[in-house]
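Here are my notes for you on this model, set out point by point. Please keep the viewer open while you read.

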Number of protein chains: 2
Amino acid sequence: MPTTRSYNDLCPIARALDVVGERWALLVVRELLLGPQRFSDLRDALPGVSSNLLTDRLRELEARGVVRRRVLPPPAGSSVYELTDRGGRLEPVLDALGEWGATESPAADGSLSATAVLLFLRGSLRAHPAAPSGTFRLRLENRAWTLVRRDGVLEIEPGDTEAADAEIRTDPITLNALLFDPDGLDAAVATGDAEIEGDVDALRRLLTAVALGGS
Amino acid sequence: MPTTRSYNDLCPIARALDVVGERWALLVVRELLLGPQRFSDLRDALPGVSSNLLTDRLRELEARGVVRRRVLPPPAGSSVYELTDRGGRLEPVLDALGEWGATESPAADGSLSATAVLLFLRGSLRAHPAAPSGTFRLRLENRAWTLVRRDGVLEIEPGDTEAADAEIRTDPITLNALLFDPDGLDAAVATGDAEIEGDVDALRRLLTAVALGGS
DNA sequence: CCGCATCCGTTTCGATACTG
DNA sequence: CAGTATCGAAACGGATGCGG
């Protein structure tokens, strides 16, 4: 049964927290920021959330107009969860939280979803104006995203939406490490933790731009 | 006993939520944004939080470097809680949450602390460039704040920090209503819900600027 | 397998009472 | 005023089961 608890506070901040202040709620929104996800994608991206609680959160966020459930057209038949317009407008909240959280110690251990590292990557590049232009394919956890930087705007979309200058296949943890130490790219390739293709120098410049921006 | 539960997620957003994602935590930060507060101030501003939980939250936020407890110099002897620099950097998070929460329905009923309405007032005026310059004294719940708009910057500080052009004495709910309907000022004065002094026209222009910005 | 629903032990929360 | 102590209620977390 979904939570109905409220702060009973007229302040807009408190009313926002009534909607997305429950445990896991904002992390579900985080996972949906780059595109729709299936129930099991969310569960895998959020280790520690139990399936029943994930169901509750999704129902609650759906009832509050943050998330929408959409049944894919046949033959898929399965359904995905995606942000509504209102849910998408939570992006500045998550950006601000991420910026604040990034000032802490570099963190010890834990999981890291593909969406999480891609959001960090995107935020770092957006904050760092010197990032190179180009189109990059990122393959993480058997899924693909396309990073496009053109005319100063940076977007990351799910899928192979267009031809890429370079491609990297790796896992979120390795990619995250490379964002802090781009020079580790060759070593990661050597150990098989990452595979790269295409314009490798462009990829290297991309990683370096993040590392410079983050310091 | 303070909470130690973690998402165990390397994402900066999740790590931020490990610190300020517990219930009431961000509302405590909200209350401290405009200046130090005593324990009982916080409890009164946050009806619904039990004193033991407020103690837990403050201890937790103190341990995480968000809040600091400070003992006032004699003869006061009492102690106050205030934000650390790191805690103060949460302001963009609360701004973003407030902006998102304000797009909802105007809210039905509930409490409203002085800080909450002043933060809303400040945010609205900052977003609306046409707000008039001047210095205003705001008296709510037996406490005073000074609103200064000068050279395009707007600040609200606790106390009577400088001479004011006008003063209003009222309660948070009435002030909030006036922010949506400035024309209600005369009625509020007539019923005794508000008392005003000084340059009343300047006060009227201030309220009107908020109403225009919020629409 | 996916998308839940049910059950159950543990943690957190909320209300009230009480103390220095 | 500034917290502590206690206790029932709610929320959370993990395991298991079940229909498609």
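The points below go through conventions, symmetry, the two DNA strands, the cysteines and a few buried sites.

1. Conventions. This is a predicted model, where local features need pLDDT of at least 70 and side-chain atom pairs count only at pLDDT 80 or more, while totals for chains, interfaces and linings use all residues. Residues are numbered from 1 along each chain as its sequence is written, chains are lettered from A and ligands numbered from 1 in the order in which they are written, and side-chain values use heavy atoms, with hydrogens and water left out.

2. Symmetry. Chain B superposes on chain A after a rotation of 180° with 0.0 Å of shift along the axis, giving an RMSD of 0.0 Å (a least-squares fit on the C-alpha atoms of residues with pLDDT of at least 70 in both copies). This is the relation of a two-fold axis. Within chain B, B:V93 has the C-alpha nearest that axis, at 2.9 Å. Both copies use the same surface, as 100% of the contact residues of chain B recur in chain A (contact means heavy atoms within 4.5 Å).

3. DNA strand C, overview. There are 22 residues around this strand, and A:Y81, B:R23, B:W24, B:N52 and B:R57 come nearest (a residue is near a strand if one of its heavy atoms lies within 4 Å of it). Sugar or phosphate accounts for 68% of the strand C atoms within 4 Å of the protein, and bases for the rest. By type, the surface residues are four nonpolar, 10 polar and eight charged (Ala, Val, Leu, Ile, Met, Phe, Trp, Tyr, Cys and Pro are nonpolar; Asp, Glu, Lys and Arg are charged; the others, Gly among them, are polar).

4. DNA strand C, polar contacts (pairs of N or O atoms within 3.5 Å; within protein, one must be able to donate a hydrogen and the other to accept it, and residues adjacent in sequence count only if both atoms are side-chain atoms). A polar side-chain atom of A:Y81 sits 2.4 Å from a phosphate oxygen of the strand. A:R5 places a side-chain N or O atom 3.1 Å from a sugar or linking oxygen of strand C, and A:F39 has a polar backbone atom 3.5 Å from a phosphate oxygen of strand C. Two or more residues of this surface come from each of α3 (39–45), α4 (51–63) and β2 (79–83) of chain A and α4 (51–63) of chain B (helices, H or I with at least four residues, and strands, E with at least two, are DSSP runs numbered from the N terminus).

5. DNA strand D. Which residues come nearest to this strand? Of the 23 around it, they are A:R23, A:N52, A:R57, B:S40 and B:S51. Sugar or phosphate makes up 64% of the strand D atoms within 4 Å of the protein, the rest being bases. Base oxygens of strand D lie 2.4 Å from a polar side-chain atom of A:N52 and 2.8 Å from one of B:N52. A:R57 has a polar side-chain atom 2.6 Å from a phosphate oxygen of strand D. The largest share of this surface, four residues, is given by α4(B).

6. Cysteines. A search of the whole structure finds zero disulfides over all chains (pairs of cysteine sulfur atoms within 2.5 Å). A:C11 is buried at 2% relative accessible area, and B:C11 is buried at 3% (buried means under 20% relative accessible area, exposed over 50%, partly exposed in between, with a 1.4 Å probe and protein chains only).

7. Helix α1 of chain B. Nine of the nine residues in this helix (12–20) are buried, so the rest of the structure largely encloses it. Its buried residues pack against α2 (25–32), α6 (91–101) and α7 (114–127) of chain A, and against α2 (25–32), α4 and α5 (85–88) of chain B.

8. Two buried sites in chain A. A:R86, in helix α5 (85–88), is buried at 15% relative accessible area. Leaving out residues up to four places away in sequence, A:R86 touches A:V19, A:R64, A:G65, A:V66, B:W100 and B:E104. A:N176 belongs to helix α8 (172–180) and is buried at 17% relative accessibility. Beyond its neighbours within four places in sequence, A:N176 contacts A:L112, A:V117 and A:F120.
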